[in-house]
Amino acid sequence: MMKPLRDVGIVGYGAYLPRYRISAEEISRVWKMGEDNLHLEEKAVPGLDEDTTTIAIEAARNALRKANLDGSKLSAIWLGSESKPYSVKPTATIVAEAVGATPHTTAADWEFACKAGTEAMQAAIGLVGSGMADYAMAIGADTAQGRPGDQLEYTAAAGGAAFIVGPQEESMAYLEGSHSYVTDTPDFFRRPNQQYPTHGNRFTGEPAYFTHTMMAARQLMDELGYGPEDYDKVVFHQPNSKFPVRVAERLGFEEEQYRDGLLVPYVGNTYAASSGIGLAAILDKADPGERILLASYGSGAGSDAFSFVTTEQITRGRNPIPLVSDYVRRRRQIDYARYARQRGKLVMY
Amino acid sequence: MRKVYVVGIGQTPVQEHWDRSARDLAADSTLQALEQAAIDKADALYVGNALSGELTGQEQVAALVADFAGLTGTEAVRVEAAGASGGAAVRLGYLAVASGVHDTVIVTGVEKMSDLPGPVVEEALVTSTDEEYEAIHGLSLVALHALLMRRYMHDFDLERSDFAHFSVNAHRNGVHNPCAMYRRPISVEAFERAKLVADPISLLDSAPAADGAATVILCSEDVAGDKARSSVEIIGSALATDAVALHDRPNPLFLRAAHQSAQKAYAQAGVGPEQIGIFELHDAFAILAALSLEACGFAGEGQGVRLAMEGEITLEGRIPISTMGGLKARGYPLGASGVYQIVELVQQLRSEAGANQVEARLGMAQSIGGTGGTAVTHILKSPH
């Protein structure tokens, strides 16, 4: 388990979801004559002029407003994503400039499939916890692509979540400790010249998602001396609606503990933002003094686990800054044709 | 022809062995059997394996298994007959000993199916059909069996749910087999609700692709010596083929190869189906289980499913099948399954089957390739 010398916590957080939704039923209508088994309702689709950058900026701005912090106070803008607009050129610098954090700051893009955002969070904890900085922002944002007609197309969605790490005294939720569990497990990958990733099918289950998530969570809980009953809420990476529920049950958690953070049935898998948006949704509704466990998962593979406890300041800034539920409710349904156009699947040349 | 005894058995659990390779599994079951037989070498090794090249990029599998099992230099060859590879390997092992050419042989069945994604494995399975006339038209193995099931349902006036009892029985028995892939019971309702794979075949009606290895050690009466009295004997062994393409068979609902190989095995053993106490049949799909029962004389034409509906295939029934889970619940590592069937029969006939124990003097195992192009039948006798 890792814990910095200086006590730190989340001083502000924010999320963003694009407004468009395509239903699983609609995707099934186009590809499977409507005969597929559907495990979620719909997923979030970015608009024509949205991408990981714009999504990250929205989430970052919400986080700064919630923290009541000026962007220039940030010493790091670290963005985790697997759908960055550039292969070479940081997206984080665009976000940093947009929120007023430049020029006296660090900025970088992080990559570890769906746990890139929580990797950035581990690092942000280190930066602030070491005393090198007072505020560091970790963002997870993605506009995931699913190969047309593929099983993953039902869930590959878009969204972003930003967390500002700062001193414990100013936190809405302070950190008790964190742990990361990582191995070289190639369950899901994409070479540079590939448009869509290669999915390891059943290999992405037990040896990948479940092993890493459970090992990180168990190690953290063991070292903190906690059991599932000590937590008020828990949130995991949500690639589909079955895995996070199954891993919660196997770790001994109940439905009322994971309910608040389980958003995949309504917004799909937002990849690097997945567990982060779930955490944001939990924080939106939490009372002071609630203990929360987050265990992300990224293919390749690994899991970052964090134990937070909310403070009296958790209720600050809930109004008028949009809650996750506001973004979930703000929706416009589109059909497959619109979706294909918006996701760049219709190529004219 | 000499008598042939089974003096050692070994098996690995059947599952998706993410971190074990085919050679690792094969060496494991082989060493288990060698230890049980208290020997450390043999005259020959026959390896039953169907898709090593397609699924793992490895051919010359028999030499590899011999080497990794500490039997470097041993005469070894791989036997392939699609899903019947394991049974066919047992057949060749039997022939080697019965003919007097070899005194002790090892038969190991091994299959590693989890290194590639499901759809790729489905494509590889299609190599057991007629490539130029069936596969080329996009007919998958499950689709061909679906055609058989649909025809059968039409001819004999049955519902899809009537076939549930094969899977329900298999899963019930899998619960008490520590090597089985699926160890939870399923209900008729679950069978009815299961997702269709190729109408009318559902997810709960298809044996699962998996990884596993099983081994039997066969030897002559001389080599067995005093142990012969307490060893299971193979008293019937036969292999037959049929047209590979379903459309080339005069009656696709009659498994000619299964029938012929069973008849020959019965004749050799001097028995009929009435004397068989256990039948480890090839339940890759419920329809195949039903047709096997009919082809081998346990049920009349179109009565195979009714036999199951009447409960006669359970451990307590007239002709227990899939007593350790069968292909459906123990799992179906393709080329290894035929050897698992023999291993399980030996456990039964030695009274080592635990909660699944059936009192029987004679047991029959039958392994089928593709939709019935190859069938190999063995009849085993208990020691007492």
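A residue counts as buried if 20 or more other C-beta atoms lie within 10 Å of its own. The model shown in these views is predicted.

**View 1. Strand 4 of chain B is mostly covered.** This strand spans residues 104-111, and 8 of its 8 residues are buried. In a regular strand, side chains alternate between the two faces of the sheet. Look for that pattern here. B:T104, B:I106, B:T108 and B:V110 point one way from strand 4 of chain B. B:V105, B:V107, B:G109 and B:E111 point the other way. Both sets are buried.

**View 2. Strand 4 of chain B pairs with strand 2 and with strand 7 of chain B.** Strand 2 (residues 44-48) of chain B runs parallel to strand 4, and 5 bridges join them. Find B:L45, which stands opposite B:I106. The pairing with strand 7 (residues 212-220) of chain B is antiparallel, over 8 bridges. Here B:V105 stands opposite B:L218.

**View 3. Helix 7 of chain B is mostly covered.** The helix covers residues 164-174, and 10 of its 11 residues are buried. Among them are B:H165, B:F166, B:V168 and B:H171. What do the buried residues of helix 7 of chain B pack against? Their partners are helix 8 (188-193), helix 11 (286-295), helix 12 (304-309) and helix 13 (326-329) of chain B.

**View 4. Helix 5 and helix 6 of chain A pack at an angle of about 45°.** Helix 5 holds residues 205-224, and helix 6 holds residues 243-251. Their axes lie 11 Å apart. Angles from 65 to 115 degrees count as roughly perpendicular and those under 35 as roughly parallel. The two helices of chain A are therefore oblique to each other. Their crossing is right-handed. From helix 5 of chain A come A:Y209, A:F210, A:T213, A:M214 and A:A217. They meet A:F243, A:V247, A:R250 and A:L251 in helix 6 of chain A. This contact divides into 7 nonpolar residues, 1 polar and 1 charged.

**View 5. An open sheet of 3 strands sits in chain A.** The order is 3-2-14, and the pairing is mixed. Strand 3 (42-45) and strand 14 (332-333) of chain A are the edges, each pairing on one side only. Strand 2 (residues 20-23) and strand 3 of chain A pair in the antiparallel sense over 4 bridges. A:S23 stands opposite A:E42. Helix 1 (residues 24-31) of chain A packs on the sheet and touches strand 2 and strand 3. Its direction makes about 55° with that of strand 2 of chain A.

Notes: Residues are numbered from 1 along each chain as its sequence is written. Chains are lettered from A and ligands numbered from 1 in the order in which they are written. This is a predicted model: local features need pLDDT of at least 70, side-chain atom pairs count only at pLDDT 80 or more; totals for chains, interfaces and linings use all residues. Axes are lines fitted to C-alpha atoms, for helices over the stretch in contact, and angles run from 0 to 180 degrees between N-to-C directions. Angles under 35 degrees count as roughly parallel, over 145 as roughly antiparallel, 65 to 115 as roughly perpendicular and the rest as oblique. A crossing is left-handed if the near helix is turned anticlockwise from the far one by less than a right angle, and right-handed if clockwise. Two residues are in contact if their C-beta atoms, placed from the backbone, lie within 7 Å. Ala, Val, Leu, Ile, Met, Phe, Trp, Tyr, Cys and Pro count as nonpolar, Asp, Glu, Lys and Arg as charged, and the others, Gly among them, as polar. Two strands pair if DSSP finds at least two bridges between them. A residue is buried if 20 or more other C-beta atoms lie within 10 Å of its own, exposed if 12 or fewer, and partly exposed in between; C-beta atoms are placed from the backbone.
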